[in-house]
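Subject: A structure for you to look at

Hi there,

Here is the structure I promised to pass on, with the sequence alongside. Have a look first, and my notes follow below.

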Amino acid sequence: MNFWNSFWDIIWWFLWVFVFVAYLFALVAIFADLFRDRKLSGWGKAVWVIFLVVVPFLTALVYLIARGSGMAERTAEAEQQAKSATDAYIKQVASSNPAAEIARAKELLDAGTITPDEYESLKARALAH
């Protein structure tokens with residue numbers, strides 16, 4: 001009997017592939033959380049990693065049960081820090097004033113880095129904002 005001849009064998013195969021990929025995603029999330037956690041000692045991280053290598057499925061389940069709520073908190077904290085950093089960068093870039101841009105362009109012109117035409121172009125662009 002050929003494997004691809006049976007519809008249910010194909011469905012069963014796709015189910016196992018899905019479970020395997022979901023398990024890999026869980027392992028990556030667990031490893032990321034392990035090394036993100038500042039409260040867990042290096043020895044504690046080493047023990048978790050050893051058990052994840054030796055008994056991966058059982059250890060992943062135990063980790064998710066025992067440390068799942070902390071895992072969610074650390075992920076939310078990391079996302080908030082990334083959002084804050086992005087917002088700060090956007091404010092820094094967006095809040096540049098035309099006078100500062102013109103002054104920087106004038107410094108470049110005086111240093112000979114740009115030509116007078118480029119200076120006028122930068123000046124016009126700064127005043128257009």
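Is Trp 48 buried or exposed? Trp 48 counts as buried, because its relative accessibility is 17%, and the cut-off for buried is under 20%. Please keep in mind that this is a predicted model.

**Aromatic pairs**

Trp 48 has a ring partner in Tyr 63: their ring centres are 4.8 Å apart and their planes stand at 90°, so the pair is edge-to-face. This pair joins distant parts of the chain, with Trp 48 in helix H2, Tyr 63 in helix H3, and their positions 15 residues apart. Tyr 63 is buried too, at 0% relative accessibility.

In total there are five aromatic pairs in the model. Another one of them is formed by Tyr 23 and Phe 57, a tilted pair with 6.0 Å from centre to centre and 45° between the planes. Here again distant parts of the chain are linked, since Tyr 23 belongs to helix H1 and Phe 57 to helix H3, 34 residues apart. The two partners fall into separate exposure classes: Tyr 23 is buried, with a relative accessible area of 17%, whereas Phe 57 counts as exposed at 55%.

**Salt bridges**

The count of salt bridges is also five. Asp 37 is a good place to start. Its salt bridge with Arg 67 has the closest N and O atoms 2.3 Å apart. Asp 37 lies in the loop between helix H1 (7–36) and helix H2 (42–54), while Arg 67 is in helix H3 (residues 56–94), so this pair ties together parts that are 30 residues apart in sequence. Both Asp 37 and Arg 67 are buried.

Asp 37 also forms a salt bridge with Arg 74, where the closest N and O atoms are 3.9 Å apart. That value still counts, because the cut-off is within 4 Å. Arg 74 sits in helix H3 and Asp 37 in the loop between H1 and H2, so distant parts of the chain, 37 residues apart, are linked. Like Asp 37, Arg 74 is buried. Together with Asp 33, the residues Asp 37, Arg 67 and Arg 74 make up a network of salt bridges.

A salt bridge within one helix is the one between Asp 110 and Lys 106, whose closest N and O atoms are 3.4 Å apart. Both residues lie in helix H4 (residues 98–111), four residues apart, or about one turn of the helix. Asp 110 counts as exposed at 57% relative accessibility, and Lys 106 is partly exposed with a relative accessible area of 38%. Lys 106 has a ring contact as well: its charged end sits over the ring of Tyr 119, 5.9 Å from the ring centre.

**The largest pocket**

What lines the largest pocket? Among the lining residues are Arg 36, Asp 37, Arg 38, Lys 39, Glu 73 and Arg 74, so two names from the salt bridges turn up again here: Asp 37 and Arg 74. The pocket holds about 200 Å³ of space. H3 gives the largest share of its lining, with six residues. Sorted by class, the lining has seven charged, two polar and one nonpolar residue.

Happy to go through any of this with you.

Best wishes

Key
Residues are numbered from 1 along each chain as its sequence is written. This is a predicted model: local features need pLDDT of at least 70, side-chain atom pairs count only at pLDDT 80 or more; totals for chains, interfaces and linings use all residues. Side-chain values use heavy atoms; hydrogens and water are left out. A salt bridge is a side-chain nitrogen of Lys or Arg within 4 Å of a carboxyl oxygen of Asp or Glu. Helices (H or I, at least four residues) and strands (E, at least two) are DSSP runs, numbered from the N terminus. Buried means under 20% relative accessible area, exposed over 50%, partly exposed in between (1.4 Å probe, protein chains only). On a 1 Å grid over the protein atoms alone, a cavity is a set of points where a 1.4 Å probe fits but cannot get out, and a pocket is an open set with protein on both sides within 12 Å along at least five of seven lines; lining residues have an atom within 4 Å of a point. Grid points are joined across faces, edges and corners, and a volume is the space filled by probe spheres set on the points. Ala, Val, Leu, Ile, Met, Phe, Trp, Tyr, Cys and Pro count as nonpolar, Asp, Glu, Lys and Arg as charged, and the others, Gly among them, as polar. Rings of Phe, Tyr and Trp (its six-membered ring) pair if their centres lie within 6.5 Å; planes under 30 degrees apart count as stacked, over 60 as edge-to-face and the rest as tilted. A charge sits over a ring if NZ of Lys or CZ of Arg is within 6 Å of the ring centre and within 35 degrees of the ring normal.
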